[in-house]
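Work through the exercises below with the sequence and the 3D view open beside you, and try each task before you read its solution.

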Amino acid sequence: QVQLVESGGGLVQAGGSLRLSCSASGRTISSYFLGWFRQSPGKEREFVAAIRWSGGSTDYADFVKGRFTISRDNAKNTVYLQMNSLKPEDTAVYYCAAVEGSRISAGRRVESRWQYDYWGQGTQVTISS
């Protein structure tokens with residue numbers, strides 16, 4: 001089992017920044033993909049960004065490219081989501097998720113929520129206009 005705990009959410013004005021953290025425990029995650037998703041009321045949970053722990057390759061949803069950056073700290077077993085130039089439409093609960101790399105076919109992108117096995121409890125991000 002992998003336990004994921006998010007933190008760093010809050011209320012900021014449009015144009016501001018936040019950094020979300022996701023601390024992983026329970027298993028070594030060196031072979032895992034870690035992803036960020038978000039969900040706002042009445043909407044489906046959507047992909048935001050993902051990182052392959054080994055190698056650090058990243059993937060982003062089009063609507064966050066150039067604004068958000070996903071990264072990881074090996075020593076702290078933590079993945080981050082740096083969010084800049086925030087917009088009111090970024091308001092959502094942000095979730096961290098993980099899946100073991102061997103469950104993903106080589107070259108396949110990990111943008112579907114159904115690919116992930118482990119989830120955190122979420123952290124609220126609210127952007128005021």
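The exercises that follow deal with a predicted model, and each solution goes step by step.

**Exercise 1. The four-stranded sheet**

Work out in which order the strands of the open sheet with 4 strands are arranged, and which strands stand at its edges.

Solution. Begin with the order, which is E1-E3-E8-E7, with antiparallel pairing. Strand E1 (3-7) and strand E7 (68-73) each have a single partner strand, so they stand at the edges, and one side of each is left without a neighbour in the sheet. On average, neighbouring strands of this sheet are turned by 20° against each other, if direction is ignored.

Next, look at the pairings themselves. Strands of a sheet pair through backbone hydrogen bonds, in either a parallel or an antiparallel way. E1 and E3 are joined in the antiparallel sense over 5 bridges, and within this pairing Val5 stands opposite Ser23 in E3. At the other edge, E7 pairs with strand E8 (residues 78-83) over 6 bridges, again in the antiparallel sense, and there Ile70 has Leu81 of E8 as its bridge partner.

**Exercise 2. The two faces of an edge strand**

Sort the side chains of E1 by the face to which they point, and state which of them are buried.

Solution. The general pattern comes first: in a regular strand the side chains alternate between the two faces of the sheet. In E1, Leu4 and Glu6 point to one face and are buried, while Gln3, Val5 and Ser7 point to the other face and are not buried.

**Exercise 3. Two residues compared**

Decide whether Ser21 is buried or exposed, and then find where Thr91 is located and how it is classed.

Solution. Ser21 lies in strand E3 (residues 18-25). Buried means under 20% relative accessible area, and because the relative accessibility of Ser21 is 16%, Ser21 counts as buried. Leaving out residues up to four places away in sequence, Ser21 touches several others, among them Val5, Trp36 and Thr78.

Thr91, for its part, is found in the loop between E8 and E9. With 24% relative accessibility, Thr91 counts as partly exposed. Apart from its neighbours within four places in sequence, Thr91 is in contact with Ser40, Gln124, Val125, Thr126 and Ile127. The C-alpha atoms of Thr91 and Ile29, by contrast, are separated by 29 Å, these two residues being 62 residues apart along the chain.

**Exercise 4. An enclosed strand and its partners**

Explain why E4 can be called largely enclosed, and name the strands to which E4 is joined by bridges.

Solution. Of the 8 residues of E4, 7 are buried, so the strand is largely enclosed by the rest of the structure. E4 runs antiparallel to strand E9 (residues 92-100), to which 8 bridges join it, and in this pairing Trp36 has Cys96 of E9 as its bridge partner. E4 also runs antiparallel to E5, with 6 bridges between them. The hairpin of E4 and E5 has 6 residues between the strands, and in it Gly42 takes a positive phi near 80°.

**Exercise 5. Aromatic rings**

Describe how Phe37 and Phe47 are arranged, and find which cluster of rings they belong to.

Solution. There are 6 aromatic pairs in the count. One of them is formed by Phe37 and Phe47, which lie 5.7 Å apart from centre to centre with 75° between the planes, an edge-to-face arrangement. This pair links Phe37 in strand E4 (residues 32-39) with Phe47 in strand E5 (residues 46-52), 10 residues apart. The two residues are also bridge partners. Both are buried, Phe37 with a relative accessible area of 0% and Phe47 with 7%.

Ring pairs link Phe37, Phe47, Tyr95, Tyr116 and Trp119 into a cluster. Arg45 has its charged end over the ring of Tyr95, 3.7 Å from the centre of that ring, and also lies over the face of Trp119, at 4.9 Å from the ring centre.

**Exercise 6. The disulfide**

Find which cysteines form the disulfide, and which parts of the chain they tie together.

Solution. The structure holds 1 disulfide, formed by Cys22 and Cys96, whose sulfur atoms are 2.1 Å apart. Because Cys22 lies in strand E3 and Cys96 in strand E9, the pair ties together parts that are 74 residues apart in sequence. The link of Cys22 and Cys96 is left-handed, with -80° about the S-S bond, and both cysteines are buried.

How values were computed
Residues numbered from 1 in each chain as written. Predicted model: local features only at pLDDT ≥ 70, side-chain atom pairs only at ≥ 80, totals over all residues. Heavy atoms only, no water. Buried < 20%, exposed > 50% of the residue type's maximum accessible area, 1.4 Å probe, protein only. Contact = heavy atoms within 4.5 Å. Phe/Tyr/Trp six-rings, centres within 6.5 Å; stacked < 30°, edge-to-face > 60°. Lys NZ or Arg CZ within 6 Å of the ring centre and 35° of its normal. Pairing = 2+ DSSP bridges. Axes fitted to C-alpha atoms, helices over the stretch in contact; angles between N-to-C directions. Disulfide = S-S within 2.5 Å.
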